[in-house]
Amino acid sequence: MTAVNIPGLLTVADAATELSRSTEQVRRYLREGRLRGRRFGGQWFIEEDALTAFREALNDQSSYLDKLRSAGQIQALDGVIGIGHGGGSNIAEGKDSYRRSSWWRR
Amino acid sequence: MASDDRPVAFVDSSAIVALVDQDDAAHSAAADAYYELCSSNYRLFTTDHVVVETYDLLLNGVGPVVATSWLRNHRLPIYCTDETDLAAAQAILTGRPADSPVSFTDALSLAVMERLGVADAFAVDPAFLNALS
């Protein structure tokens, strides 16, 4: 981590490098309050501790993906293909439309 | 953020409904897309909230027997959302213009995809696909 002028605080660019994300994505995390930061002179700075906690949370979740097996291996949805007869819907028109038309079809 | 090289795609309820219901207009295209994902070695997953949404859609659209059968027989990995995901979904919803709303489930799906660094989705609902782009 590269500290800037203020001890313990990192720039958005530093945080982006640490998180392997774009600077815009880091700014979004800050705006949304998911990553704790402070603004000085219109520029965001991130506390090292906050960044560490945020990165650990990301890594925890990322390990979820590492456990996934290929859909073909586990036949994720093979057993449910074509098991229903809904009477002529079109889910590609949207879920809201599907919900509205369900009553009429059944 | 995944270290594995195999691609990952998030599965939306719209794709599952299209797969399950062979009378749906999107069924054939969804089945073709699913087999293509499998042959491309994709890892697929969804969220707990999408499971709820899918069950409700199937319950009302195809009936309780099929909805229950789907629950019993699918093997799709389910990511369980937490407080961070819910907060991110809330931020997505409150940050969007009022004239382009998305459902809470869709916002949560977007939040999870962003959190996990997943860019691909298996979906046929235009509202979800628009929100994704």
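**Exercise 1. Find which residue of β3(A) stands opposite Arg38(A), then work out how the strands around β3(A) are arranged.**

Solution, step by step:

1. Start at Arg38(A) in this predicted model. Its opposite number in β3(A) is Phe45(A).
2. Move to Gly37(A), whose bridge partner in β3(A) is Ile46(A).
3. Now look at the strands as wholes. Strand β2 of chain A covers residues 37-40 and strand β3 of chain A covers residues 43-47. Four bridges link the two, and the pairing is antiparallel.
4. Turn to strand β1 of chain A, residues 9-11. Three bridges join β1(A) to β3(A), again in the antiparallel sense.
5. Check Ile46(A) once more: Leu10(A) stands opposite this residue, and Gly37(A) has Ile46(A) as its bridge partner.

**Exercise 2. How many residues lie between the strands in the hairpin of β2(A) and β3(A), and which residue takes a positive phi there?**

Solution, step by step:

1. Follow the chain from β2(A) to β3(A): the hairpin has two residues between the strands.
2. Look at the backbone angles in this hairpin. Gly41(A) has a positive phi near 55°.

**Exercise 3. Locate the domains of chain A and state what distance separates their centres.**

Solution, step by step:

1. Take the bounds from the domain assignment: domain 1 of chain A spans 9-61, and domain 2 spans 77-105.
2. Take the centres over C-alpha atoms; for these two domains they are 42 Å apart.

**Exercise 4. Describe the contact between chain B and chain A, beginning with its residues and ending with the classes found on the side of chain B.**

Solution, step by step:

1. Count the residues: chain B brings 59 and chain A brings 48.
2. Turn to area. The size of an interface is often expressed as the accessible area lost when the parts come together. Here, chain B and chain A bury about 4,600 Å² between them, with 56% of it on carbon and sulfur atoms.
3. Look for charged pairs: six salt bridges cross the interface. One of them joins the side chains of Arg28(A) and Glu114(B), at 2.6 Å from N to O.
4. Add the polar contacts: 37 residue pairs between chain B and chain A.
5. Ask what supplies the touching side of chain B. Helix α1 of chain B, residues 13-20, gives the largest share, six residues.
6. Sort that side by class: 32 residues are nonpolar, 13 are polar and 14 are charged.

Note on methods. Residues are numbered from 1 along each chain as its sequence is written. Chains are lettered from A and ligands numbered from 1 in the order in which they are written. This is a predicted model: local features need pLDDT of at least 70, side-chain atom pairs count only at pLDDT 80 or more; totals for chains, interfaces and linings use all residues. Side-chain values use heavy atoms; hydrogens and water are left out. Domain bounds come from an automatic or database domain assignment. Contact means heavy atoms within 4.5 Å. Buried area is the accessible area (1.4 Å probe) that two parts lose on being put together, summed over both. A salt bridge is a side-chain nitrogen of Lys or Arg within 4 Å of a carboxyl oxygen of Asp or Glu. A polar contact is a pair of N or O atoms within 3.5 Å; within protein, one must be able to donate a hydrogen and the other to accept it, and residues adjacent in sequence count only if both atoms are side-chain atoms. Ala, Val, Leu, Ile, Met, Phe, Trp, Tyr, Cys and Pro count as nonpolar, Asp, Glu, Lys and Arg as charged, and the others, Gly among them, as polar. Two strands pair if DSSP finds at least two bridges between them.
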